[in-house]
Amino acid sequence: MKVPIGFQFAGLQAGIKPNRKDLALVYSQTPCSAAGCFTRNTARAAPVLDAERRLPAAGMHAVVVNSGNANALTGPEGLQDVKAVCEAVARALGVPASSVLSASTGVIGHRLPAAKIVAAAPLLAQSLRPSPRARPRRS
C-alpha cells in the first residue's frame, strides 16, 4: 500500500466495543485540504452534520474514527460529543480543534461514549506510526 508522505496512523481499543480495536486516527503533520461527499438522508449522524458545515476546508490535520457507535439520531448531545472528541484529539496532537474531523460507525440511536474517546486521545496520539497496517502480534 502506498501511503502519502507525512501521514501517520494509530488504532486502539477505547472500550466502545468489547475486546476489539474501536478507535483510529489518521494524522498529517502538514495541514491538508479536505473535502467530503455526504449522504442525502435526512437522518444524518452528528459527525456528518459537523463535517458538512466545515468542508471543504484547508488546514486540516486529522480524522478520528470510532466504531461501535454511529453517534446518529442523538440530537444536540451528539454534536456536543463530536466537539468534545475533536477538542481532545486536537489537544493530544497540539493542533487547533478546527483541524480535526470525526467519523463514527456502529449502533444508531445511542449516545456516543465520548468520555472513553477523550480518555484514549493521548495514547492514540502517542501511538501514531507511518504505516496504517496493524503491527504483527508477538507470541
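How far apart are the mean positions of the 17 positive and 6 negative charges of the chain? They are 13 Å apart. The structure described here is a predicted model. Its chain holds three helices and four strands, and this briefing considers the overall form before turning to helix H2 and to Pro-130.

**Overall architecture**

- Read from the N terminus, the elements of the chain follow the order β-β-α-β-α-β-α.
- The C-alpha trace extends over about 45 × 35 × 25 Å along its principal axes.
- For 139 residues, a compact globule would be expected to have a radius of gyration near 14 Å, and the 15 Å of the chain agrees with this.
- Of the contacts between residues at least 6 apart in sequence, 74% join residues at least 24 apart.

**Surface and burial**

- Buried residues account for 38% of the 139 residues in the chain.
- The accessible surface of the chain amounts to about 8200 Å², and carbon and sulfur atoms contribute 56% of that surface.

**Helix H2**

- Helix H2 covers residues 75-93, a run of 19 residues.
- From the first C-alpha of H2 to its last the distance is 28 Å, close to the 27 Å expected at 1.5 Å a residue.
- The buried residues of H2 include the valines Val-82, Val-85 and Val-89, together with Gly-78, Asp-81, Cys-86, Ala-88, Ala-90 and Leu-93.
- Two helices are among the packing partners of these buried residues, namely H1 (46-54) and H3 (114-126).
- The buried residues of H2 also pack against three strands: S2 (23-34), S3 (57-69) and S4 (100-107).
- Gly-94 follows H2 and has a positive phi, near 75°.

**Pro-130 and its contacts**

- Pro-130 lies in the segment after H3.
- Is Pro-130 buried or exposed? Pro-130 has a relative accessible area of 61% and therefore counts as exposed, the cut-off for that class being over 50%.
- Although Pro-130 and Phe-9 are 121 residues apart along the chain, their C-alpha atoms are separated by 6.2 Å.
- When residues up to four places away in sequence are not counted, Pro-130 touches Val-3, Phe-7 and Phe-9.
- Phe-9 thus appears in both descriptions, as a residue that Pro-130 touches and as one whose C-alpha atom is 6.2 Å from that of Pro-130.

Terms used. Residues are numbered from 1 along each chain as its sequence is written. This is a predicted model: local features need pLDDT of at least 70, side-chain atom pairs count only at pLDDT 80 or more; totals for chains, interfaces and linings use all residues. Side-chain values use heavy atoms; hydrogens and water are left out. The radius of gyration is taken over C-alpha atoms; the globule rule is 2.2 Å times the number of residues to the power 0.38. Buried means under 20% relative accessible area, exposed over 50%, partly exposed in between (1.4 Å probe, protein chains only). Contact means heavy atoms within 4.5 Å. Accessible areas come from the Shrake-Rupley method with a 1.4 Å probe; for residues, only the protein chains shown count as cover. Lys and Arg count as positive and Asp and Glu as negative; His and the chain ends are not counted. The place of a charge is taken as NZ of Lys, CZ of Arg, CG of Asp or CD of Glu. The expected span of a helix is 1.5 Å times one less than its number of residues.
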